[in-house]
Amino acid sequence: MLSVDLLLLVCLGYVAVLFALAFYIDRRARQGRINWLRSPIVFTLSISVYCTSWTFYGAVGSAARNGLEFITIYLGPTLVFVGWWWLLRKLVRVGRVHRITSIADLISSRYGKSSSLAVVVTLLAVTATTPYIALQLQSVTRSYQVIVGEADANTTALTIAAGMALFTILFGTRNLDANERHHGVVAAIAVEAIVKLVALIAVGVFAVFWLGGGVRSVFESVPVAAVHGGAQMFDGRWAALTFLSATAIICLPRQFQVTVVENVDERHLGTASWMFPLYLFGMCLFVMPIALVGLAVLPAGSNPDLFVLTLPLHHGRHELALLAFLGGFSSATSMVIVAAIAVSTMVSNHIVMPVALNFLSSGREVSGDVRKLVLTSRRVSIGLVLGLGFLYFRLSGGSDALAAIGLIAFVGVAQFLPSLLGAIFWRGATGSGALAGLVVGFVLWAYTLFLPSFAGELAGGADLLAHGPLGLTALRPQALLGLTGLDPLVHALVCSLGANVLVFLVVSVASEPKPLERLQGALFVDVFRSTPGEPPRFVEGQATSEDLFVLAQRILGTDPARSLFDEMAREQGASGLPAPSDAVIARLERELTGSIGAASAHAMVSRIAGRERPALNELIDIADETQRLIETSRQLSEKSAELELAASQLRQANERLRTLDAQKDEFLSQVSHELRTPMTSIRSFSEILLGENGVSEQERHRFVAIIHDESLRLTRLLDEILDISRLEAGSVDLPLEPVDAQQVIDAALGTVSGLLRSRGVALRCTPLPAGTMVRANGDRLRQALINLLSNAVKYNAAPHPEIRVHAALGPAHLDIDVIDNGGGVTPEEATTVFEKFNRGRRGDRDQGAGLGLPISRAIMRTMSGDLTVEFAPDRTSFFRLRLARAVVATGTAAASTH
């Protein structure tokens, strides 16, 4: 065993070092030299106050009893910081803009600075924190008993509670800060975060690699059921625990204190969003291995909650046991310090100060040393909170499972969540709804979970749990309204929080928010839209500068009050005290809010400065009416823009219709002309043959041949018109398949070979690599090629006509260029060459109807390709066919387009 003297000496030395650090940091903070404290690393480490003795000792005990269930306590905060850090950011912004000092201050300030609501939140915070304080006392007491041997638990716990109370008073209430920030405490908490992390990892390394023989040896002999702890993973209890831990990281008074109140830079949340989950991972990394090794090597019946301490003690590693004790001590003291500071701030600001104000008659000025009153009330509150924690420790009989005690507190603070979320996201939330929801949730939590935790130690408690009050089984605390078969924790959470949410919503919808609630609701919900600065206040400045200075001096202290009023005087350009303008009064209330809370500051400043404006309701109504007018104007502007857009689209549609109508007329005119020409020839020669008897047989044969040719021409024209209409309408479904491009080119050249010889046109063709496949319809592709080659012959007036067919392979397509030396088309002609019935500048009636190119391009586009006019660097033009390449699997006909 370690000696008692050594243990006490190390603990006192450790506390002395922390106190010296806090004292040094506080002194530097008062001098304005705290740059390194603005580090996001320090901020993140301070958030680790979440990891109390529950996570240091109790997580191992939970792993030994319930397997992987302990992970939920780390999973919830991780989800919040990774996925919901925007919620924390909004809370931090609200806290900075409105000088929020606690979660009670935020809720009461949002709901019209309601004193009654602040009192309820404070009482709930004190009650919910009590089991957590008892948990810290129990963990330190038991760890002390393990090291020094048997000692009276109650005496030890009382001594520890008194020591922690003194420790917290020295740490947190030596002075009154205008922003309720405790720089020394934050620095000490950051150091303790490192100590407990190093201690837990050190014990884990010892357990795994010295006692367990390595990671594989620790886990390979353990059945899966042992890891699961016999519990059903991912059931309702898992979901409840994950939700509760996520809620706790937001709603626990100590977490709100370090995350919102102590935050000096909103950007630090960005670092905390990944660094804090990483810290939690380090804290839980060795939890399961320590539990497994402890179950394997320690005597049967050993308390799993103390495996972190008993493993090194059992194997004679006293120095490691001492480090583990310091880690648990750090976990407990950091939680107690921050929680006691947060709760005592709420008690002094929302209970003590309002009571003190009520003793002041309306005709008397605020007198007395208010600053001393605030500090004294906080010191007494700290002692009261630690005393309640000790009392709960006595009544609960020292539960064997630390985790169970922590979860009671988690469900208690979860009652803040509906009012808190409503405060920053719902303008329609009212103070009446928040108050009703909190009261209902608080009563049901106390009845279904808090009371059963120590009812067994009370007379008649066991009978109450088994049969309900007066034998009413429907009112049994752990089976309320016949809800049996549920886990007690899940049962309490569903009943209390479910009723809280329901009552909060119903009462908020049914009640009308007060004018100040509506104003505060807009400021809180739209906090990112407002300019950071002072919230608007509606207080008449009727006090003298001396009255205001005395008030500030009583609460802030002489030096801070002098600095504040000197600064306001400089802003006014005045010497001495500033004139008591509305801006000065609003600034003073804002500064006092940081020390005594929004409700108390508002009441004290209103008492000194006069009264609130009687026209507040009218001002709010005017503001609402203005908001409605702005919204109506915005909607009208949007409608106007929509109408303008619709009108523009109608104008474009009308212009398009006019263009189409003109194109239709031109098309019909061209079709009529093209049809009239062969019809006229047919009609003329038919009349000659019918009316004249002196026509020779030779002439008759020639006239019939002309009629036949013109009939064929008319048929081709009608077929082409029908073809292009179907192609452009998309009604032609061309079957596409892998086609050998070289074979199609050769077939087209064979078709026009007679024409080439008759016109004396030279041909050059660049062969493609064997097996070059394109995805196309072979017949239609050949039709387009024949049309381009025929045009190249017909329109070529060069002395030595020549045509070149050049194919180029791209990674996903094939280009086939048809190039001739006949002059081509100009850039101006290229814009109209694909129009119907366009024969170009050298066209005549014997060279077709001018539908070949439009049909060819329609064919290519139907095959997901294109036909375009391209220009070489020397400005000569040529036609290019582009098609998608196809890859054919060996031995198959399947193809896929790149």
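**Entry 1: strand E5**

I started with strand E5, residues 813-820, and found it mostly covered, with six of its eight residues buried. I keep in mind that this is a predicted model.

Next I looked up what E5 pairs with. On one side of my list is strand E4, residues 802-809, which runs antiparallel to E5 and is joined to it by seven bridges. I picked out one bridge here: Leu-809 has Leu-814 in E5 as its partner. I also checked the link between E4 and E5, and they make a hairpin with three residues between them.

Then I turned to strand E7, residues 877-884. E5 pairs with E7 over six bridges, again in the antiparallel sense. Here I noted Val-818, which stands opposite Phe-879 in E7. A reminder to myself: side chains in a regular strand alternate between the two faces of the sheet.

**Entry 2: the nonpolar cores**

Which residues touch the most other members of the largest nonpolar core? I found Leu-106, Ile-290 and Phe-410, out of 164 residues in that core. Helix H17, residues 318-358, gives the most to this core, namely 18 residues. I then asked where the core lies relative to domain 1 (4-414) and domain 2 (426-524). Both domains give residues to the core, so it lies between them.

I also found another core apart from this one, made of 41 residues, including Val-752, Val-761, Ala-807 and Leu-881. For background, I jotted down that nonpolar side chains tend to be buried together in soluble globular proteins.

**Entry 3: around Phe-410**

I went back to Phe-410 and listed what it touches, leaving out residues up to four places away in sequence. The list has Tyr-50, Trp-54, Ile-73, Tyr-132, Leu-244, Ser-245, Ala-248 and Leu-252.

**Entry 4: aromatic rings**

How many aromatic pairs does a search of the whole structure find? I got 10. I looked at Phe-70 with Tyr-74, an edge-to-face pair at 6.2 Å centre to centre and 85 degrees between the planes. Both of these residues are buried.

Tyr-132 and Phe-410 make a tilted pair, with 6.0 Å centre to centre and 50 degrees between the planes. I liked this one for linking distant parts of the chain: Tyr-132 is in helix H7 (residues 115-148) and Phe-410 in helix H19 (residues 402-413), 278 residues apart. Are Tyr-132 and Phe-410 buried or exposed? I found Tyr-132 buried, and Phe-410 too.

Tyr-132 has a charged visitor as well: the charged end of Arg-254 sits over its ring, 4.4 Å from the centre. Last, I noted an aromatic cluster formed by Tyr-14, Phe-325 and Phe-329.

Notes. Residues numbered from 1 in each chain as written. Predicted model: local features only at pLDDT ≥ 70, side-chain atom pairs only at ≥ 80, totals over all residues. Heavy atoms only, no water. Buried < 20%, exposed > 50% of the residue type's maximum accessible area, 1.4 Å probe, protein only. Helix = DSSP H or I, 4+ residues; strand = E, 2+ residues; numbered from the N terminus. Pairing = 2+ DSSP bridges. Core = buried A, V, L, I, M, F, W, Y, C linked by side-chain atoms within 4.5 Å. Domains from an automatic or database assignment. Contact = heavy atoms within 4.5 Å. Phe/Tyr/Trp six-rings, centres within 6.5 Å; stacked < 30°, edge-to-face > 60°. Lys NZ or Arg CZ within 6 Å of the ring centre and 35° of its normal.
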